[in-house]
Amino acid sequence: MTYFPDEVVEHIFDFLSSHRDRNNVSTVCKAWYLVEQLSRLRVFVGNCYAVRPERVMARFPGMKCLTVKGKPHFADFNLVPHDWGGDALPWIETAARCCPGLEELRLKRMVVSDESLELLARAFPNFKSLVLISCEGFSTDGLAEIATHCRGLRELDLQENEVEDHGRQWLSCFPDSCTSLVSLNFACLKGEVNTSALERLVARCQNLRCLKLNRAISIESLIKILARAPNLVELGTGSFTADHRTEAYQNLLNAFYKCNSIRNLSGFWDAAPRYLQAIYSICSSLTVLNLSYAPAIQVNDLIKMIRHCFKLQKLWVLDSIGDKGLAAVACACKELQELRVFPSDVYGTGIAAVTEEGLVAISSGCPKLNSLLYFCHQMTNAALITVAKNCPHFTRFRLCILDPVKPDPISNEPLDEGFGAIVKSCKDLKRLSLSGLLTDKVFLYIGMYASRLEMLSIAFAGESDKGMVYVLNGCKNLKKLEIRDSPFGDAALLENVGKYETMRSLWMSSCDVTQGGCKALAAKMPRLNVEVINEREESDEMVENPSDMHRVEKMYVYRTLTGPRDDAPDFVWTF
Amino acid sequence: MELELGLSLPSSDMMMEKRIKTNFCKKRSFDEVLDEKTVTLPLFLQREEDGHGNSDSELNYGGGRVIVGWPPVKLPRRRTNCVKVNMEGIAIGRKVDLSLHDSYQALFRTLYMMFPKKHEDLTYAHVRRTEEEDGGCDYKVTYEDEDGDWMLVGDVPWEAFIMSAKRLRIIN
C-alpha cells in the first residue's frame, strides 16, 4: 500500500465513513497518518475537554464538518450544575481562525452564547448546517444573527435546547434572497414566531424537506404552510389544535392529501382527536412517528391511527398508550425497529400505564426491533427472558422501572436473570440502561457477555464493589460508564485504573467513592482529569479539616490530552 | 423505634443523610434504614439553591420519595402541570401551568398578572419594585399539597413544590 501514490490512498480512505476506522488507519504508519489527516473532512470530538480546539484544527486543516459534545449525559437529568462548563465559544473562535471553510457544526450538551452564534454567522462564508442538541445559553437574538448572515444556509436544526425568547422577529431575518433551506427545526422554541414571515420563507425555499414547527403554530398556520410546501418529507405539526369556531378540519384534510412525501411526523402538542383523523391518509407511508409530546391523544384514537402505520420503523409514544395500545402496535407495525415509551405521569401518582406485558407483545410482533427505551411501572424476569429470545438484535436497550429498586413483582426476586438474558442473547448490544432491584450478579453477566457494550447506565443497583469491577474487567469495548446511587467505592474505582484511558468517561454520583480515592486515582493516572463537583455548603468543621474519608457527591473522570481544564468553576475540583 | 420529624439543620444530619442513602442502596425497605431507638429526621435537607430555583438535594418528604433527576427524562418532557388558582373574594378562578415556571419568582409574576390588585395600577415594573422593597409578595399564596394540607408557598425547594402542589389559593 505504501507504494501507491497519496491520491490513491486518499481515495481508498474516502470509503471509510466512520471516525473509528479513520482513526485506526491513521495509526498504521506515518505516510497513512499524513494522508488521512489532510483528507479528513468530518471531525468528531466526543468530549470537548479531551483535546484543545487548536490541536484538532492543526491536525485536520481540511475540516468541513465538526461535531463536539460537552456535558456528561446525566446533565440531562439535572445532575450537573448549571455552570459546570462546556462552552462552545473556544471551538467557534478557533475554527474561525484556522478553518474558515467550515460548513457544518453539530454541538451537543454545550453552552452556546448569542456571541458565539454571532461569530459563527459572520466567520464562515460557506456555512451550511447548524445542529444544536440539548444546548443552552442562547436566545432568539442569536438565531436572528444566523438567519441574517448565513447566506446559503441549508439546515438549522434545534433539538431540545433551552432557548430564551427575545421576540418573534428572528424568523423574519432570513433575507428574501434566502432560498436554500432544506431543513428547519424550531420545535423547542417556546415563543411565538412571525407566521407570515414563516409562510413566505417556506414558499421560497423550494428544496425544503424537513420542517418542525413549535407549539405556538396553530392549525390554521399549518394549513397555509403545507399548501406552500407539499414536498415535505419530515413534518413537526405544531400544536395541532384550533379555535373550534373555525372549520379547519376539511382544509387540513385537503392539505395533507396533497402531501405525498411525508414520512416522518412529530409535534401534536395539543392534538384534538378529530384533527388526528386528517392524517390517516399519510399514515401508511410513515416510517417515523413521534407522539411523545402529545398527552391529549387518547389510547383509542392512537390505536385507530396506528392500524394504518404498517411501514413504521420508529415510534415514540407516551405510556398512556398502555399494554393494549402496544399490542395494537405489535399487530400493525411489523417493520418496527425503534420504540420509545416515555412516562406521561412524571409526578408518579402510580397509575399503571405500561407493564411487562406490553413489552412482551412488542417483542413477539416486531422481530426487527433493535432499539428500545421503555419507562414502565414493573418488569419481570420471565418477560425479559422472553424478550431476549424474541429480539436478539438489540443494539440499544434502556429499561427504566419508575420505582428504582422494584423487584420482579411475581417472584419478588431481583432482575439479574432478566437482564442477564438480554446481554447473553443480544450479542451486538452497544448501549444498556438498567433499573429495578439488581444485585452484583447482573454485573457478572454484563462483564461476561456484553463484549460489544459501549455505554452502560446504572442507577440504584448492585451490592458491593465487585459489581463495578466485573464491568470494568469484562466489557472490553466500554466507552462510557455512568453510575448513580450505587454502593461502589474506592476499591472498585482503583481496581483497574488503566481501563479509564480506554474509555471516554466515567461518572459516579451518590456512590461510596471518597475524596482519598479520587486523589489516588488522579495520582496514578496523570492523563485523566478526575473532577469532583462540590456543591454542598460544608459545615465549618468539614472545611477546616477536609478529610480524604469524606464521600464525594459527584465525580467525573475522563481521559484528556490537555490536563486540568482552565475554565472549571470554583465548585469543580480537579485532583 | 420512634421517628420524630423536626426542622433540624442540614449540617448536623449530613451523616444521617449519607446513611439513608447507603441503606437505601443496600436494603430496600425504608423501615430497615433506622435501627436506633429515637431518631430525628430532618424534615427536609436543603442546600443552596441556584438562581433557577433548583436545589440539588435528596428529600424525604412525608411518605413519598422525591429523588433528584428521577425518572431520567429531559426537562422538556416533564409534563404540563396545571393547577387551579383562586383568590379570596374572587368568584372566578384561573389555571396556571407550574411546569412553565422555573422558580417562585417566576410563579409570583404570573400570579400578579392574573390577579392584579384592584386599587393599584399594576405594571411589571411595579411588581419588581414591590418584590425588592417588601422582599416578597403583597399577598399570601398558599397551596394544597398531596396530603390535603394547606401550606405557605415558598418554604420548600421549588422542585418539591411543583410535585406536590395540587391547588393554589391567594389570601389577601
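I count a contact as heavy atoms within 4.5 Å. The model I am reading is predicted.

**Core contacts**

I started with A:Leu289. Leaving out residues up to four places away in sequence, A:Leu289 touches A:Leu265, A:Phe268, A:Met305, A:Ile306, A:Cys309, A:Leu312, A:Lys314, A:Leu315 and A:Trp316. I then looked up the core around A:Leu289. The largest nonpolar core has 182 residues, and A:Leu289 is among those with the most contacts inside it. The others I noted in that group are A:Phe240, A:Phe256, A:Phe397 and A:Ile446. Which helix gives the most to this core? Helix H9 of chain A, residues 219-228, does, with 5 residues. I also found another core lying apart from it, of 24 residues. B:Val96, B:Phe161, B:Ile162 and B:Ala165 are among its members.

**Chain B overall**

I tallied the secondary structure of chain B and got 4 helices and 9 strands. Along the sequence I read the pattern β-α-β-β-β-β-β-α-α-β-β-α-β. Chain B has 172 residues, and 45% of them count as buried. I took its contacts between residues at least 6 apart in sequence; 54% of these join residues at least 24 apart. The accessible surface of chain B comes to about 9,500 Å². Carbon and sulfur atoms hold 52% of that surface.

**Backbone checks**

Most residues other than glycine have a negative phi, and most peptide bonds are trans, so I looked for departures from both.

In chain B, I found a cis peptide bond from B:Trp70 to B:Pro71, with omega near -5°. B:Pro71 sits in the loop between strand S4 (64-66) and strand S5 (82-87).

In chain A, I noted A:Glu160, a residue other than glycine with phi near 55°. A:Glu160 is in the loop between strand S6 (155-159) and strand S7 (162-164). A:Ser510 is not a glycine either, yet has a positive phi of about 55°. A:Ser510 belongs to the loop between strand S20 (505-509) and helix H21 (515-524).

Are these two residues buried or exposed? A:Glu160 is partly exposed, at 25% relative accessible area. A:Ser510 counts as buried because its relative accessibility is 15%, and the cut-off for buried is under 20%.

**Surface patch**

Last, I looked at the start of chain A. A:Phe4, A:Val8 and A:Ile12 form a nonpolar surface patch, with about 220 Å² of accessible area together. A:Phe4 lies in the segment before helix H1 (6-13). Its relative accessible area is 41%, so I logged A:Phe4 as partly exposed.

Definitions and conventions
Residues numbered from 1 in each chain as written. Chains lettered and ligands numbered in written order. Predicted model: local features only at pLDDT ≥ 70, side-chain atom pairs only at ≥ 80, totals over all residues. Heavy atoms only, no water. Patch = residues over 30% accessible without salt bridge, like charges linked within 9 Å, V, L, I, M, F, W, Y side chains within 5 Å. Areas by Shrake-Rupley, 256 points an atom, 1.4 Å probe, with all protein chains shown as cover. Salt bridge = Lys/Arg side-chain N within 4 Å of Asp/Glu carboxyl O. Helix = DSSP H or I, 4+ residues; strand = E, 2+ residues; numbered from the N terminus. Buried < 20%, exposed > 50% of the residue type's maximum accessible area, 1.4 Å probe, protein only. Core = buried A, V, L, I, M, F, W, Y, C linked by side-chain atoms within 4.5 Å.
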